[in-house]
Every structure is written in structure tokens, then in C-alpha cells.
Amino acid sequence: MTFNLTKITKTSSSFEFRTWDPEGVIFYGDINPKDDWFMLGLRDGRPEIQLHNPWAQLTVGAGPRLDDGRWHQVEVKILGDSLLLGVDGEEVLNLRQVSGPLTKKPQPIMKIALGGLLFPASNLRLPLVPALDACLRQDNWLDRQARTSVSAPTSLRSCAIDSQPGIFFPPGSHAEFNLQGETSSASFCLDGLWAQDQRLDMDRALSRSHDIWTHSCPQNPGNATDTTH
């Protein structure tokens, strides 16, 4: 999404956030990706801010772990030359003399990306894995009257389903099934497999990977619905 800074009257953004993922980008913003940008993310489950502008260049982590699968309220605010980060109603970070007035920036357009970056991850001051498996709701970004374009779809979703341990699998994870019985082999299929509110197409995934040894359930000729074996 983009904002016209000459029309900005509100300099804070807030949202509710939930994840089991310990590392990734929550949101990124820039006026110029070369010398005026900001990133809020997670590292080891805790909030991390990286910023680079004419007033300051820094990387700092603060606050509690947020990768516990619970909803947390987060607020980022620019107040004068200060940047404030609040988590669940408590101020966890106050950076002074790190910003100038938004309305007096040489370039009047600010871009914000949710759940990703607008430049290579290697350009961060301290690189991290950008992809974040998380949910976002009740988000309010800067001044709606100054918004000139809406956000594109991202990996951050509203996630209406209840969260519990086991729904998040970090990279490199795998699942094992112990099939006990008299027979040495079993035949089965997966039906109705969902992740992050998206139905997984196992047949399509199988055609792209040799590491998936399963398939979706065949159609029942009688009623044309899936059946599980």
C-alpha cells in the first residue's frame, strides 16, 4: 500500500498479530529503499526493528516473545523525532532522534509491505528469513485519507480458525506415521487437507516434487464426492 505523506495527519499504525513462527518480517516501509526504510520483524520470537535513514541507522530488538500462538496487539508510532513500539498496551521501545517529520520528507510517497520486503533480504542491516507464517487482524495503517493504493495479497492472513500447537511446521519439518497391524503395507489417501485457510492440492504438489508419496482421494463414481481409504 502507498501513502501521500503531504496528507498525513496520523503517524501511528496498529494491528493484532498471532504466530508460532519465530522469525520473519511483519511489515516493511520505505520512502526510498536505498536510504530511507524501516522494518519490523521477529527474530528468536521477539520484535526487532531495523531502520536506515538520514538520522539513524540501527538494528534493535526489544519486548516479549510473540511466537506463542496468542493474539498480541502491536502499535508503531512516530512522535516528533522518536519511534515508539508498543506491545499489548505497554511501551517496550522508545528510540529518540531517529526520524524527521513525515510531512517534510523530500519524496512524498511512502510504501508499506505486509509480511515481506520491497528489496532483497540481503539489503537488511542484519539479514533474516523474510517469510512469516502469521495472522493479522484489526489492522490500521497510518492515515486512511492519505492512502493512495491498497495492499496486495500477502502471506499474512486473518486466520479465523483457532490456533493450537501443531498447526505450524517450521522449514525442514516432517511428519511420521506409525502403522501397526498384521499387514506390512497400507494404502490410504489424504482428503480435505488445509493450511492457512487454503485447501492443499496434493496431486499438483506431487507433480512438482519427488518427496511427496501420497495422493488425493479418488472420486466416487456413485456420487462424485471424495472418499477416504
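## Why these labels fit

User: Where does Gln-97 lie, and what makes its flanks strands?

Analyst: Gln-97 sits in the loop between strand E9 (90-95) and strand E10 (109-114). Strands (E, at least two residues) and helices (H or I, at least four) are DSSP runs, numbered from the N terminus. This is a predicted model, where local features need pLDDT of at least 70 and side-chain atom pairs count only at pLDDT 80 or more, while totals for chains, interfaces and linings use all residues. Residues are numbered from 1 along each chain as its sequence is written, and side-chain values use heavy atoms, leaving out hydrogens and water.

User: Why is Gln-97 called exposed?

Analyst: Its relative accessible area is 61%. Exposed means over 50%, buried under 20%, and partly exposed in between (1.4 Å probe, protein chains only), so Gln-97 counts as exposed.

User: And why is Ser-12 called buried?

Analyst: Ser-12 has a relative accessible area of 13%, so it falls under the buried limit. Ser-12 is found in strand E2 (residues 12-19).

User: How do you know which residues Ser-12 is in contact with?

Analyst: Contact means heavy atoms within 4.5 Å. Leaving aside neighbours within four places in sequence, the partners of Ser-12 include Glu-75, Lys-77 and Trp-141.

User: What makes a set of residues a nonpolar core here?

Analyst: Its members are buried Ala, Val, Leu, Ile, Met, Phe, Trp, Tyr and Cys residues joined through side-chain atoms within 4.5 Å. The largest such core has 36 residues, and Phe-17 is among those with the most contacts inside it. A second, separate core of eight residues includes Trp-37 and Met-39.
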